[in-house]
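This briefing walks through one chain, from its overall build to single residues. Please keep the sequence and the coordinates at hand while reading.

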Amino acid sequence: MNREMEFKNIVAQYANVLPENMTNDMRFREDLGFSSLDFMSFLGELEDTFDVELEEEEVLQILTIQEALDMLEKLA
């Protein structure tokens, strides 16, 4: 499974959207319905799954799936 699909599978655990229906311009709060708690739990799961350490300042700037994927790519 590629990184993007693995990422979208994690997103799907917190949203009512199937991974294959997600577009990279979807916003976590507005389009996917993430609460603040969902987003923080999601970030923890990303750190564990992709073995990265996320910087809080950078993470708070992320609004869309693409922005999160770009950040993961930088950390890989």
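The chain holds 4 helices and 0 strands, and from the N terminus on its elements run α-α-α-α. The model is predicted, and every value below is computed from it. The points that follow begin with the chain as a whole, continue with two of its helices, and end with selected residues.

**Overall dimensions and surface**

- With 76 residues, a compact globule would be expected to have a radius of gyration near 11 Å, and the chain agrees with that expectation because its own value is 11 Å.
- Taken along the principal axes, the box filled by the C-alpha atoms of the chain is roughly 30 × 25 × 20 Å.
- Of the 76 residues in the chain, 36% are buried, and the accessible surface comes to about 4,800 Å², with 45% of that surface belonging to carbon and sulfur atoms.
- When contacts between residues at least 6 apart in sequence are considered, 47% of them join residues at least 24 apart.
- The chain carries 5 positive and 19 negative charges, and the mean positions of these two sets are 5 Å apart.

**Helix H1 and its cover**

- Helix H1 spans residues 3–12, and its buried residues are Phe7, Lys8, Ile10 and Val11. Seen down the axis of H1, these buried residues fall within an arc of 155 degrees, so they line one face of the helix.
- An α-helix has 3.6 residues a turn, so residues three or four places apart point the same way.
- The cover over the buried residues of H1 includes helix H2 (36–50) and helix H4 (65–75).
- Ile10, which lies in helix H1, counts as buried because its relative accessible area is 4%, under the 20% limit for that class.
- Beyond residues up to four places away in sequence, Ile10 touches Phe42, Glu45, Leu46, Thr49 and Phe50. The C-alpha atoms of Ile10 and Met71 are separated by 16 Å, with their positions 61 residues apart along the chain taken as the sequence separation.
- Glu6 is also placed in helix H1, where its relative accessible area of 29% makes it partly exposed.
- Leaving aside neighbours within four places in sequence, Glu6 is in contact with Met1, Thr49 and Phe50. For one of these partners, Thr49, the C-alpha separation from Glu6 is 9.0 Å, and the two are 43 residues apart along the chain.

**Helix H4 and its two sides**

- In H4, the buried residues are Ile65, Ala68, Leu69, Met71 and Leu72. Viewed down the axis of H4, they fall within an arc of 160 degrees, so they line one face of the helix.
- The face of H4 that is turned away from its buried side carries the exposed residues Glu73 and Lys74.
- What covers the buried residues of H4 includes H1, H2 and helix H3 (56–59).

**Residues outside the helices**

- Which segment holds Met1? Met1 lies in the segment before H1, and with a relative accessible area of 74% it is exposed.
- Apart from neighbours within four places in sequence, Met1 is in contact with Glu6 and Asn9. Met1 and Lys74 are 73 residues apart in sequence, and their C-alpha atoms are 19 Å apart in space.
- Asp51 is found in the loop between H2 and H3, and its relative accessibility of 69% places it among exposed residues, for which the limit is over 50%.
- Asp51 has a positive phi of about 50 degrees although it is not a glycine. Most residues other than glycine have a negative phi.
- Leu60 has its place in the loop between H3 and H4, and Leu60 is exposed, with a relative accessible area of 55%.
- From C-alpha to C-alpha, Leu60 and Phe28 are 12 Å apart in space, and they are 32 residues apart in sequence.

Methods
Residues are numbered from 1 along each chain as its sequence is written. This is a predicted model: local features need pLDDT of at least 70, side-chain atom pairs count only at pLDDT 80 or more; totals for chains, interfaces and linings use all residues. Side-chain values use heavy atoms; hydrogens and water are left out. The radius of gyration is taken over C-alpha atoms; the globule rule is 2.2 Å times the number of residues to the power 0.38. Buried means under 20% relative accessible area, exposed over 50%, partly exposed in between (1.4 Å probe, protein chains only). Contact means heavy atoms within 4.5 Å. Accessible areas come from the Shrake-Rupley method with a 1.4 Å probe; for residues, only the protein chains shown count as cover. Lys and Arg count as positive and Asp and Glu as negative; His and the chain ends are not counted. The place of a charge is taken as NZ of Lys, CZ of Arg, CG of Asp or CD of Glu. The arc is that of the directions from the helix axis to the C-beta atoms.
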